[in-house]
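Here's a short set of exercises to work through with the model open beside you. Try each task before reading its solution.

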There are 2 protein chains.
Amino acid sequence: MGIAELTRNAVDVLPEGGLEAKLRLGRPLRVKLGIDVTSPDIHLGRGIPLQRMRAFQDEGHKAVFIVGDYTTRIGDPSGRSSERPILSDEEIDANAQVYLEQAKTILRDDPELLEVRYNGEWLSKLGYADVVGLGRIVTVARMLERDDFDKRYRAGEPISISELLYPLMQAYDSVAIEADVELGGTDQLYNLLAGREVMQAFGLEPQVVLTTPLLLSWDGGKMSSSVGNNVPLTAAPEEMFGRTMRIPDSQLVEWWTLVAEQPVPEGEAMEAKLALARFVVARSHGEEAARAAEGYFERTVRDRKPPEEVPEHALPAGDPVHLPGVLAEAFGLSTSEARRLIGQGGVRLDGDAVSALDLPRERLAGAVLQAGKRRFVRLNEAT
Amino acid sequence: MGIAELTRNAVDVLPEGGLEAKLRLGRPLRVKLGIDVTSPDIHLGRGIPLQRMRAFQDEGHKAVFIVGDYTTRIGDPSGRSSERPILSDEEIDANAQVYLEQAKTILRDDPELLEVRYNGEWLSKLGYADVVGLGRIVTVARMLERDDFDKRYRAGEPISISELLYPLMQAYDSVAIEADVELGGTDQLYNLLAGREVMQAFGLEPQVVLTTPLLLSWDGGKMSSSVGNNVPLTAAPEEMFGRTMRIPDSQLVEWWTLVAEQPVPEGEAMEAKLALARFVVARSHGEEAARAAEGYFERTVRDRKPPEEVPEHALPAGDPVHLPGVLAEAFGLSTSEARRLIGQGGVRLDGDAVSALDLPRERLAGAVLQAGKRRFVRLNEAT
């Protein structure tokens with residue numbers, strides 16, 4: 001254990017020797033991780049820094065989990081992106097609750113080791129003068145050094161002044177909770193370092209900064225719930241299992257290292273992937289759920305068999321029966337989506353792909369209808 | 001009168017045709033001029049836009065005079081300059097009172113035509129979220145287009161983020177008071193235009209922008225109370241007169257045009273300068289004070305004669321008498337300043353320059369001692 005475990009997989013630990021010095025203080029450190037509550041899910045990628053937080057907890061340090069409710073309430077800093085909509089207070093509070101539940105699949109839920117704070121607690125009290133005071137600490141040039149800003153500025157893309165105020169909020173969170181260490185993905189490096197500057201300006205010992213690598217999704221992109229290439233930490237076991245199984249073999253080392261924090265098991269790649277998916281589900285839902293999810297995966301995806309229990313769905317009146325209508329009713333698709341799915345060979349009856357839109361009633365009654373890989377109903381006559 | 005008078009000496013009136021359109025509204029326009037209260041004086045240069053404000057008043061429009069108490073309370077945006085110190089609330093309130101008095105030497109003090117507002121009224125109510133909302137309206141690139149920012153940014157000089165927040169405050173003032181027109185010096189052009197953008201974002205009809213030229217001081221620099229090259233609008237008549245007389249002949253046209261808004265009178269330059277000084281004093285203190293100030297000027301500066309009433313000062317004991325000590329006591333100089341003044345020929349006894357540091361007592365008793373151009377005491381034996 002010790003420092004090697006605390007910094008496992010870390011990309012930056014700054015300043016050099018800083019963490020060692022903090023540990024020598026001989027008291028529980030306050031280890032900060034902040035998270036915005038724009039989307040309703042924390043995914044496996046966000047779990048990577050949470051795992052470091054857990055490592056600190058395991059050594060007796062205090063995890064200070066910051067819910068960015070205020071930051072979220074303000075909305076997208078540029079006012080352009082639809083990815084960062086302004087949410088209602090209720091949505092934000094609900095998201096915050098879900099986030100916390102998800103974080104607790106990784107963190108130890110012990111009041112001695114976990115402190116949860118909402119940044120509206122201190123940010124809502126700041127006025128114009130305070131914002132100006134914060135703005136005095138950092139120069140525009142320094143802020144534009146940030147990779148993403150720098151690229152956009154050089155490309156002549158607009159950067160709104162408000163965007164410069166976001167990192168300052170995150171930095172002030174560190175002041176408010178007197179962080180000893182702040183964790184984050186490598187894309188957060190600048191913001192975490194700004195936290196050091198701001199803490200210093202407020203007369204506090206600046207935090208140590210620890211960044212973790214980004215976990216890329218199976219499609220090579222950053223995980224995002226709006227893209228749908230994410231693995232939410234509290235999705236249903238079958239969903240988590242199936243999504244994890246989508247990674248190509250080439251990502252096995254990365255995922256085993258970052259998520260399971262173990263070397264890839266020897267043997268077949270498929271076995272290693274199944275073991276990883278079991279690990280992911282077991283951490284969130286327990287061993288039993290993991291085994292059940294694996295069974296479901298084997299039957300539905302691997303062997304193209306329907307799961308053991310398939311819900312019943314009553315056929316509509318008429319003969320022949322219009323299949324897109326049935327798909328729409330059974331799976332909540334639009335009829336045009338249903339038609340497209342049939343055209344792509346994504347609809348099966350008892351395991352065989354269907355291409356016709358209208359089918360004789362007797363062909364359907366009692367058959368298992370499958371849409372895509374994982375949605376099944378058994379069709380029956382209404383009783 | 002009419003639009004020619006409203007825009008007299010104006011450098012920019014934007015957008016083109018905008019003022020004409022506002023005037024066609026057929027209601028009194030709200031004409032804004034904002035002023036920070038960092039220094040205790042409004043000088044003659046600041047009076048130039050005030051004169052335009054007065055022209056609007058004369059046509060029945062409403063002057064909305066904004067005292068930037070909140071802006072001032074926040075202090076220097078860069079946190080570097082000693083010229084913009086953070087003042088106490090009492091100092092700010094006192095300055096604001098003095099400002100208003102000074103402004104009223106030019107403005108009409110009629111509640112129908114003058115509205116005085118303190119920007120703390122609305123700015124103190126804004127929170128972090130509101131500042132971010134304002135910051136969303138303007139891009140960093142647009143802000144850095146400003147002449148002064150652009151130069152500093154290119155030169156690699158630090159610009160703090162807080163500096164970008166100042167123009168937004170001024171712009172929001174226009175929203176708060178629903179300005180139709182904003183006045184300012186040419187150095188304010190960018191800030192006034194930012195006001196248009198911000199008003200538009202708040203769903204208001206944007207203000208028309210009217211800039212006036214900067215009035216340069218006799219030394220060719222911008223007037224500044226910290227440099228001492230200014231003419232405060234409510235300085236003592238003698239002081240205002242004397243300072244105005246310092247301008248070189250080459251500035252007569254500029255000062256007559258901008259300050260008196262008249263052509264330079266024909267005849268001798270000295271006469272034109274005296275008439276200008278009389279105008280400046282009369283506007284602040286009345287005709288009688290102007291005549292008295294001119295008389296004082298003639299006696300003390302022009303004819304190097306002491307004023308009619310000279311305070312008495314008792315000689316210290318001893319013979320010979322050490323002159324720097326006397327100067328120090330009589331005029332509050334340091335002895336080294338006094339020695340320097342003597343070396344420069346700036347000290348006279350009954351009108352004759354003195355170069356010796358120690359003088360026989362009989363040479364001093366009863367004589368008029370003069371330091372520089374305008375400080376006099378009559379020396380006498382202590383009684």
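**Exercise 1. A parallel pair in chain B**

Take strand E5 (residues 181–185) and strand E6 (residues 208–212) of chain B: do they pair in the parallel or antiparallel sense, and over how many bridges?

*Solution.* Bear in mind that this is a predicted model. E5 and E6 of chain B pair in the parallel sense, over 5 bridges. For a landmark, find B:Glu182, which stands opposite B:Val209 in E6(B).

**Exercise 2. The sheet around that pair**

Work out the strand order of the 6-stranded sheet in chain B, and find which strands stand at the edges.

*Solution.* Step one: reading across, the order is E1-E6-E5-E2-E3-E4; the sheet is open and its pairing is mixed. Step two: the edges belong to strand E1 (12–14) and strand E4 (114–118) of chain B, which have a single partner strand each, so each has one side without a neighbour in the sheet. Step three: check the twist, and you'll get an average turn of 20 degrees between neighbouring strands, direction ignored.

Step four: add the helices. Helix H3 (residues 44–58) of chain B packs on the sheet and touches strand E2 (30–36), strand E3 (62–68), E4, E5 and E6 of chain B. The direction of H3 makes about 160 degrees with that of E2(B). Helix H10 (residues 161–177) of chain B lies across E2, E3, E4 and E5 of chain B, at about 145 degrees to E2(B).

**Exercise 3. How the two chains are related**

What turn and what shift along the axis lay chain B on chain A?

*Solution.* Use a turn of 180 degrees and a shift of 0.2 Å along the axis; the RMSD is then 0.5 Å. That's the relation of a two-fold axis. To see where the axis runs, look for B:Gly127: its C-alpha is the nearest to the axis in chain B, at 2.4 Å. As for the interface, 100% of the interface residues of chain B are also interface residues in chain A, so the copies meet through the same surface.

**Exercise 4. Two helix crossings between the chains**

Describe how H7(A) meets H7(B), then how H10(A) meets H10(B).

*Solution.* Begin with helix H7 (residues 128–135) of chain A and helix H7 (residues 128–135) of chain B: their axes come within 8 Å and cross at roughly 65 degrees. That angle makes H7(A) roughly perpendicular to H7(B). The crossing is right-handed. The contact is made by A:Tyr128, A:Val131 and A:Leu134 with B:Tyr128, B:Val131 and B:Leu134. By class, these are 6 nonpolar residues, with no polar and no charged ones.

Now go to helix H10 (residues 161–177) of chain A and H10(B), which pack at about 130 degrees with their axes 11 Å apart. That makes H10(A) oblique to H10(B). H10(A) passes H10(B) in a left-handed crossing. Here A:Ile161, A:Leu164, A:Leu165 and A:Leu168 meet B:Ile161, B:Leu164, B:Leu165 and B:Leu168. The tally is 8 nonpolar, no polar and no charged residues.

**Exercise 5. A mixed sheet in chain A**

Which strands pair with E13(A), in the parallel sense and in the antiparallel sense?

*Solution.* Strand E7 (residues 312–314) of chain A pairs with strand E13 (residues 375–380) of chain A in the parallel sense, over 3 bridges. A:His313 has A:Leu379 as its bridge partner, and A:Ala314 has A:Asn380. Strand E12 (residues 368–371) of chain A pairs with E13(A) in the antiparallel sense over 4 bridges, and A:Gln370 stands opposite A:Phe376. In the hairpin of E12(A) and E13(A), 3 residues lie between the strands, and A:Gly372 takes a positive phi near 65 degrees.

Zoom out, and you have an open sheet of 5 strands in the order E7-E13-E12-E9-E10 (chain A), with mixed pairing. E7 and strand E10 (352–353) of chain A are the edges; each has a single partner strand, so one side of each lacks a neighbour in the sheet. Helix H16 (residues 323–331) of chain A packs on this sheet, touching E7, strand E9 (347–349), E12 and E13 of chain A, and its direction makes about 80 degrees with that of E12(A).

Note on methods
Residues are numbered from 1 along each chain as its sequence is written. Chains are lettered from A and ligands numbered from 1 in the order in which they are written. This is a predicted model: local features need pLDDT of at least 70, side-chain atom pairs count only at pLDDT 80 or more; totals for chains, interfaces and linings use all residues. Side-chain values use heavy atoms; hydrogens and water are left out. Two strands pair if DSSP finds at least two bridges between them. Axes are lines fitted to C-alpha atoms, for helices over the stretch in contact, and angles run from 0 to 180 degrees between N-to-C directions. Contact means heavy atoms within 4.5 Å. Angles under 35 degrees count as roughly parallel, over 145 as roughly antiparallel, 65 to 115 as roughly perpendicular and the rest as oblique. A crossing is left-handed if the near helix is turned anticlockwise from the far one by less than a right angle, and right-handed if clockwise. Ala, Val, Leu, Ile, Met, Phe, Trp, Tyr, Cys and Pro count as nonpolar, Asp, Glu, Lys and Arg as charged, and the others, Gly among them, as polar. Copies are superposed by least squares on the C-alpha atoms of residues with pLDDT of at least 70 in both.
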